[in-house]
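Me: I am learning how charged side chains pair up in a protein, and I would like a close look at that one aspect here. Could you walk me through it carefully, in connected prose?

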Amino acid sequence: MLDRVLQEIRARQRFVVTSHARPDGDGIGSALACGQILRVMGKDAEVVMHDGVPRIYQNLPFADRAIQADAVPPTDAVILLECDSIKRTLLEGLEDSFLINIDHHVSGRDFGHINWIDSTVMATAELVYRLARRACVPVDAHIATCLYTALMTDTGSFMFAGTNEHTFTVARELVLAGADPALCARHIYFGHSTAKLRLLGAALSNLHREGPLAWIWATQEQMQRFGAREEDCEGLVNYALSIGDVQVAIFFRELPDQRYRVSLRSKGEINVSTVAEHFGGGGHKCASGCSLDGPLAIAVAKVVEQLRSEAATNTNAFTR
Ligand code: 5GP
């Protein structure tokens, strides 16, 4: 598939690179690196994101070149990274474009004209890295920084299940290419806003427990009170997962239309991607997401019920 992707890229000149709305580190890092790799290949490439680059990723190389837009400009092909559908980008105008879909989610779907989906890798960044290598594009310190940040964030700082010696081999190569691990970590983990920490405090004060489950939430009113943005919600769920006897943590974020965005995280025994898929979302075994109608109590009840039945397939999970 990599050769096929390369062949389709070589046959075209103008590219748009994008990822899902509310992009995470892998979405942003992979897209910025991919855009630059295409430019080094002599292509015209624009990184276009519906939601722009979140604050903690704005220090990444090429971030200032990314375009925030509602629709894609005219182009020969669009490379979608980390998406299971056109809809995930929230961009308009993709239907008529030639689509190259590159993803690493188990819930990935063949919606593109070319689909390179490899769920054995920990981050889409690794596929982009392979693309650069196969295209003989030198991975310089800037590209390496984007890819390392993507890998670091999608592996939960190399802590999530699935992280193995191969992940470290890729990380090592990126560091050798010039990525600075301490600097990458500082921008992401020590670059939060005050509003985010205040929101975290409010969310944790609502912590609920049931057996191996923990859940927290944030409301629109709290977000407005603290001046928190959507992107300030990224990672809050991990604080609930950090409790010793918690197997699965859930974060519910109220949306302006009273629906709820749900982030699910697992330490590995319970598969949260099947739960997210049940509600029309997706993701990985240990990290997934979906959206549900409110009110909060109903959304919580539905997700918790689904997790109970998922945990029942692992008889030990609820008795520990
Ligand atoms: P997060 O909780 O950080 O929003 O997402 C965790 C993981 O699940 C990410 O890999 C993300 O791409 C995936 N994910 C989150 N929401 C959705 C969704 O609505 N649909 C799909 N297919 N994947 C999602």
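Reply: In this predicted model, arginine 14 is a good place to begin: its relative accessibility is 37%, so this residue counts as partly exposed. The side chain of arginine 14 meets that of aspartate 76 in a salt bridge, with 3.3 Å from N to O. This pair links distant parts of the chain, since arginine 14 belongs to strand E1 (residues 14–19) while aspartate 76 lies in the loop between E3 and E4, 62 residues apart. Aspartate 76 also counts as partly exposed, because its relative accessibility is 28%.

A second pair joins aspartate 232 to arginine 55, and the closest N and O atoms of this salt bridge are 3.8 Å apart. Here, too, distant parts of the chain are linked: aspartate 232 sits in the loop between helix H8 (220–226) and helix H9 (236–241), and arginine 55 in the loop between strand E2 (44–49) and E3, 177 residues apart. Aspartate 232 has a relative accessible area of 5% and is therefore buried, whereas arginine 55, at 26% relative accessibility, counts as partly exposed.

A third salt bridge, 3.1 Å from N to O, brings together the side chains of aspartate 245 and arginine 209. Aspartate 245 is found in the loop between H9 and strand E9 (248–254), and arginine 209 in strand E7 (residues 208–210), 36 residues away along the chain. Aspartate 245 counts as partly exposed at 48% relative accessibility, and arginine 209 counts as partly exposed at 35%.

The structure holds 16 salt bridges, and Arg4, Glu8 and Arg12 are linked in a network of such bridges.

Conventions:
Residues are numbered from 1 along each chain as its sequence is written. This is a predicted model: local features need pLDDT of at least 70, side-chain atom pairs count only at pLDDT 80 or more; totals for chains, interfaces and linings use all residues. Side-chain values use heavy atoms; hydrogens and water are left out. A salt bridge is a side-chain nitrogen of Lys or Arg within 4 Å of a carboxyl oxygen of Asp or Glu. Helices (H or I, at least four residues) and strands (E, at least two) are DSSP runs, numbered from the N terminus. Buried means under 20% relative accessible area, exposed over 50%, partly exposed in between (1.4 Å probe, protein chains only).
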